[in-house]
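Please open the structure in your viewer and keep the sequence panel visible. The tour below proposes one selection after another and states what is found at each.

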Amino acid sequence: MDKFIINGGNTLNGVIDVPSAKNSYLAILAGCVLSSGVVCLHNYPKFDDIDKMLDILTSLGCKIERKEDRTLYIDCRNITNYVIPQKLAKKIRSSIFLLGPMLSRLKKVLVTYPGGCDIGSRPIDLHLKGLKTLNAKIVERFGFIEADAPNLIGENVHLDYPSVGATENIMMAGVLAKGTTKIFNSAKEPEIVDLQNFINAMGGKISGAGTDTITIQGVEKLGSVEYTPITDRIIAGTYLLAGAGCGGDITIKNVDYEHIYSLITKLKNSGCKIDIKGDTIRQVSNGKLKTFSSIETLPYPGFPTDLQPQALVLQTISEGTCIITENLFETRFKHTPELIKMGANIVTRDRMAIVTGVNKLYGADVTCYDLRAGSALTIAGMLAEGTTTLNDVKNIDRGYEKLEEAFNKLGANIKRVTR
Ligand code: EPZ
């Protein structure tokens with residue numbers, strides 16, 4: 001298993017780009033199944049989860065061409081196989097996003113329960129309830145989900161919770177359905193808006209993404225498209241939090257600041273100097289900040305749960321106390337025992353963590369148990385005194401492209417050891 005050897009104490013300085021958004025690309029790759037033409041996507045990010053999603057599309061009969069300049073050509077015109085291989089589906093959460101598109105195209109799909117980061121129970125009840133409302137027949141047995149939909153019919157769907165994945169699945173089930181689908185209490189994440197724009201560029205008729213009501217008018221079919229997905233707001237936020245904690249002067253390029261305005265506001269209030277010009281954010285930090293005082297993770301535009309571990313690390317060495325409530329996932333504090341080994345002062349109870357800033361963290365031997373905890377512990381090693389060994393960093397490769405190289409480009413000292 002790969003590990004990082006991190007020598008802490010360096011400040012971070014310089015300019016860094018943000019790659020395409022993992023959580024947008026994954027939904028859009030599922031959406032490729034809807035097309036009766038060829039889809040051309042630019043700037044594909046080399047995250048492990050993207051490769052796994054491409055493997056699933058290949059197993060269904062789609063033709064994938066990867067070009068040197070990170071352009072993908074995806075041809076799902078001859079998709080025939082409605083069974084999603086269990087070993088692939090279990091590896092990623094986004095395999096479940098294929099339910100809607102597969103029912104729209106093939107009228108049936110057989111898939112096992114999805115995988116994804118171990119941060120909670122991660123139910124799919126809202127996905128299945130929404131699809132049933134659109135006239136899909138769904139049977140769950142022997143650990144599989146068998147779905148049949150000879151004719152999907154547009155309907156009104158109310159989501160008990162603004163689930164990102166369920167919103168995306170129901171959107172994609174409504175695109176080729178008869179009539180109009182309305183999703184009430186839909187998720188408002190930027191990735192939902194990106195999926196709407198991608199589908200409309202293929203000839204779909206969706207409106208309202210980014211608000212809590214999305215309308216999908218069913219169309220006959222979708223054609224070819226050339227599309228560039230948005231960049232990754234969670235990676236941008238990870239870089240800002242690393243720069244804030246390590247100290248220094250960094251400039252992040254290719255980011256929509258509105259996508260992480262909840263974080264930018266907190267960083268400014270904690271003492272970072274932040275300048276925004278177009279799609280560029282410059283941040284200067286002396287590494288000695290005040291805590292955020294509180295973090296409530298919420299659906300967009302609230303504070304993103306995917307930045308909670310990284311923001312928690314910053315609180316461990318900031319002045320004061322911070323109360324962190326993780327409202328989305330029930331077990332997303334696996335990074336805290338590892339941080340306590342490094343000298344952090346954290347008390348957790350269920351979905352709450354109370355962090356009291358200490359003068360410094362000390363390098364230790366720690367392990368990352370999920371993607372964002374991994375990026376958080378990488379930051380912890382960078383701002384700690386001494387050397388940190390971070391084990392099982394393959395979890396980080398699911399959603400970052402060689403994170404160690406990105407941070408080393410800014411002045412960090414991280415070595416990946418593969419054994
Ligand atoms: C997406 O997961 C992202 N993953 C997650 O990013 C992100 O944390 C999450 O949205 C929230 O923003 C991808 O897009 C691939 P949800 P998803 O459905 O769709 C409950 C990362 O690190 N819920 O919005 O699975 C659920 O229990 C990953 O990049 C139901 O109750 O998230 C949770 O409490 C981690 N029933 C809440 O909704 C359902 O049917 C949010 O889940 C579905 C969800």
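Begin with the open sheet formed by 4 strands in the order 2-14-16-15, whose pairing is mixed. Helices (H or I, at least four residues) and strands (E, at least two) are DSSP runs, numbered from the N terminus; two strands pair if DSSP finds at least two bridges between them. The model is predicted: local features need pLDDT of at least 70, side-chain atom pairs count only at pLDDT 80 or more, and totals for chains, interfaces and linings use all residues. Residues are numbered from 1 along each chain as its sequence is written, and side-chain values use heavy atoms, with hydrogens and water left out.

Select strand 2 (14-17) and strand 15 (273-277) at the edges of this sheet; each has a single partner strand, so one side of each is left without a neighbour in the sheet. On average, neighbouring strands here are turned by 20 degrees against each other, direction ignored. Axes are lines fitted to C-alpha atoms, for helices over the stretch in contact, and angles run from 0 to 180 degrees between N-to-C directions.

Next, add strand 14 (residues 248-253), which runs parallel to strand 2 and is joined to strand 2 by 4 bridges. Within this pair, Asp-17 stands opposite Lys-253 in strand 14.

Now display helix 8, which packs on the sheet and touches strand 2, strand 14 and strand 16 (280-285). Contact here means heavy atoms within 4.5 Å. The direction of helix 8 makes about 170 degrees with that of strand 14. Helix 9 (residues 261-270) also packs on the sheet, touching strand 15 and strand 16, and its direction makes about 145 degrees with that of strand 15.

Remain with helix 8 (residues 233-246). How far apart are its end C-alpha atoms? They are 20 Å apart, which agrees with the span of 20 Å expected for 14 residues at 1.5 Å a residue; the expected span is 1.5 Å times one less than the number of residues. Is helix 8 mostly covered or uncovered? In helix 8, 14 of its 14 residues are buried, that is, under 20% relative accessible area (1.4 Å probe, protein chains only).

Inspect both ends of helix 8. At the start, a side-chain oxygen of Asp-232 reaches to within 2.9 Å of the backbone nitrogen of Ile-234. Just after the helix, Gly-247 takes a positive phi of about 85 degrees.

Finally, select strand 1 (residues 3-7) and strand 22 (residues 387-391), which run antiparallel and are joined by 5 bridges. Lys-3 stands opposite Asn-391 in strand 22.

How values were computed: Buried means under 20% relative accessible area, exposed over 50%, partly exposed in between (1.4 Å probe, protein chains only). A polar contact is a pair of N or O atoms within 3.5 Å; within protein, one must be able to donate a hydrogen and the other to accept it, and residues adjacent in sequence count only if both atoms are side-chain atoms.
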